[in-house]
Amino acid sequence: MRRMRTEVITVQTGSRPTVRDITAEAERFVSGAGDGLLHVFVPHATAGLAVIETGAGSDDDLLRALDDVLPTDDRWRHRHGSPGHGRDHVLPGLVSPYATLPVIDGRLALGTWQSICLVDTNGDNPTRKVRFSFLPG
């Protein structure tokens, strides 16, 4: 009987909003694993995951769009932390804290320009955990 395999990695995101590509870490985790599903989960109330193109400006565009939709002003009822921190708690409602991806022959089945990215707008927590779980097919 095959069982799920899981691992938690630590990702440094810094003190400013960031989109951090974690595809290489995910690829290492599933390397040689055969066919199955990779589930990626961020166990934080103020971060999410996006499968997007990086390096061509899309990561900056995502942060800019999030600033437009979730500005860092005093409108938020959730008020602890740095100014505008309430928006960070709304982020996972728009940028899900999980993603499930197919793995074929031990390789992620991503599209040509797709990357798995940790999205963190919360500068109050510069260190994040990400859980990779592989369920064999």
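1. Let me start with one residue. At 19% relative accessibility, E25 counts as buried (buried means under 20% relative accessible area, exposed over 50%, and partly exposed in between, with a 1.4 Å probe and protein chains only). You will find E25 in helix α1, residues 23-30 (helices, H or I, of at least four residues and strands, E, of at least two are DSSP runs, numbered from the N terminus). Setting aside neighbours within four places in sequence, E25 is in contact with I9, R20 and F132 (contact means heavy atoms within 4.5 Å).

2. A word on what you are looking at. This is a predicted model, in which local features need pLDDT of at least 70 and side-chain atom pairs count only at pLDDT 80 or more, while totals for chains, interfaces and linings use all residues. Residues are numbered from 1 along each chain as its sequence is written, and side-chain values use heavy atoms, with hydrogens and water left out.

3. Now the salt bridges. The structure holds 6 of them (a salt bridge is a side-chain nitrogen of Lys or Arg within 4 Å of a carboxyl oxygen of Asp or Glu). One of them brings us back to E25, whose side chain meets that of R20 at 3.3 Å, N to O. The two partners differ in cover: E25 is buried at 19%, whereas R20 is partly exposed at 28% relative accessibility.

4. Another salt bridge joins the side chains of D61 and R64, at 3.2 Å from N to O. Why do these two stand about one helical turn apart? D61 and R64 are separated by about one helical turn because they are 3 residues apart in helix α2, residues 58-69. At 45% relative accessibility, D61 is partly exposed.

5. R75 and D73 also form a salt bridge, with the closest N and O atoms 2.7 Å apart. Here R75 is exposed, with a relative accessible area of 51%, and D73 is partly exposed at 27%. In addition, D67, R87 and D88 are linked in a network of salt bridges.

6. On to the sheets. As general background, strands of a sheet pair through backbone hydrogen bonds, either parallel or antiparallel. In this model, 3 strands form an open sheet in the order β2-β7-β4, with antiparallel pairing (two strands pair if DSSP finds at least two bridges between them). At the edges are β2 (18-21) and β4 (47-52), each pairing on one side only. Neighbouring strands of this sheet are turned by 30 degrees against each other on average, direction ignored. Between β2 and β7 (residues 115-120) there are 4 bridges, and the two strands run antiparallel. As a place to look, V19 stands opposite V119 in β7.

7. A further open sheet has 5 strands in the order β1-β8-β3-β5-β6, again with antiparallel pairing. Its edge strands are β1 and β6 (107-108), each with a single partner strand, so one side of each is left without a neighbour in the sheet. Helix α1 packs on this sheet, touching β1, β3 (36-41), β5, β6 and β8 (127-136), and its direction makes about 35 degrees with that of β8 (axes are lines fitted to C-alpha atoms, for helices over the stretch in contact, and angles run from 0 to 180 degrees between N-to-C directions).

8. How many bridges join β5 to β6? There are 2, joining β5 (residues 98-104) to β6, and these strands run antiparallel. The bridge partner of I104 is R107 in β6. D105 lies in the loop between β5 and β6, and its phi is near 55 degrees, a positive value in a residue other than glycine. D105 is exposed, with a relative accessible area of 64%.

9. Another loop residue to visit is R16, found between β1 and β2. R16 is exposed at 64% relative accessibility. Leaving aside neighbours within four places in sequence, R16 is in contact with D120 and G123. The C-alpha atoms of R16 and T46, 30 residues apart along the chain, are separated by 13 Å.

10. Finally, the surface. M4, L37 and L135 make a nonpolar surface patch of about 290 Å² (patches are made of residues with over 30% relative accessible area and no salt bridge, where like charges are joined within 9 Å and nonpolar side chains, Val, Leu, Ile, Met, Phe, Trp and Tyr, within 5 Å; accessible areas come from the Shrake-Rupley method with a 1.4 Å probe, and for residues only the protein chains shown count as cover). M4 lies in the segment before β1 (5-12) and is exposed, with a relative accessible area of 51%.
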